[in-house]
Amino acid sequence: MRMRWPLAIAAWLAAAALATAASIGAVGSLSNGLFGPSDAPMSEADVEAHLTPAPASSPSPAPSAPVATTPAQPAAPTGASRALSTAGGSIVASCPGGQAYLDSWIPGSGFETDHLQRGPATTASLRFKARSGGGSVRAQVTCVNGEPTLALPGDD
């Protein structure tokens, strides 16, 4: 009977050490995201790069066909989506047909969204309202030369 106590204590210490090692490993893996770097937060530049459409590729001409050269002309606005940040959250907006449109939005921590006017319209807008009775952030998006532009007409 005396031999069981040291054995039980040793088993408990081994289990505690194993649980501690597993916990440290799990917390360490969170620095790279739960499922690897693919779910790690992206910088604003990374978001912009992912939202910018790739240039359309055209099939290359047949080797015997002559290739015509024309002077380069500025590209027309594409209406590509753009990420916009506020103190209350983030917005992804675009300008299809020259009209402002809110593609998506994510309220920041402690905020919720209300007064949504998604568009397409001359001005699309929403308000990120603080949940704990604090202020709010109003965001208005318009299109300037085919690009979404953010205005913050005054925080409440």
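This report covers strand pairing, one disulfide and a buried serine in a predicted model.

## Hairpin E1-E2

Strand E1 spans residues 82-85. Its partner is E2, residues 89-94. The two strands run antiparallel and are joined by four bridges. Three residues lie between them, and the pair forms a hairpin. Within this pairing, Leu84 faces Ile91 of E2.

## Ser94

Ser94 belongs to strand E2. Is Ser94 buried or exposed? Its relative accessibility is 6%, so Ser94 counts as buried, the cut-off being under 20%.

The Ser94 side chain also has a polar partner. A polar contact of 3.1 Å links it to the side chain of Asp103.

## The disulfide

How many disulfides does a search of the whole structure find? The search returns one. The bond joins Cys95 and Cys143, with 2.0 Å between the sulfur atoms. Cys95 sits in the loop between E2 and strand E3 (101-107), while Cys143 sits in strand E6 (residues 136-144). The pair therefore ties together parts that are 48 residues apart in sequence. A disulfide is a covalent bond between the sulfur atoms of two cysteines.

What is the handedness of the Cys95 and Cys143 disulfide? The torsion about the S-S bond is about -100°, so the disulfide is left-handed.

The two cysteines fall into separate accessibility classes. Cys95 has a relative accessible area of 4%, and is therefore buried. Cys143 has a relative accessible area of 21%, so this residue is partly exposed. The cut-off for buried is under 20%, which means that Cys143 falls outside that class.

## The open sheet

Which strands form the open sheet, and in what order? Four strands take part, ordered E4-E5-E6-E7, with antiparallel pairing. E4 (111-117) and E7 (147-151) are the edge strands. Each has a single partner strand, so one side of each is left without a neighbour in the sheet. From one strand to the next, the twist averages 25°.

At one edge, E4 pairs with strand E5 (residues 124-130). This pairing is antiparallel and holds five bridges. Thr113 stands across from Phe128 in E5.

## How the parts connect

E6 is a member of the open sheet, and Cys143 lies in this strand. Its disulfide partner is Cys95, in the loop between E2 and E3. E2 in turn forms the hairpin with E1 and carries the buried Ser94.

Technical notes:
Residues numbered from 1 in each chain as written. Predicted model: local features only at pLDDT ≥ 70, side-chain atom pairs only at ≥ 80, totals over all residues. Heavy atoms only, no water. Buried < 20%, exposed > 50% of the residue type's maximum accessible area, 1.4 Å probe, protein only. Polar contact = N/O pair within 3.5 Å; in protein donor to acceptor, adjacent residues only side chain to side chain. Pairing = 2+ DSSP bridges. Axes fitted to C-alpha atoms, helices over the stretch in contact; angles between N-to-C directions. Disulfide = S-S within 2.5 Å.
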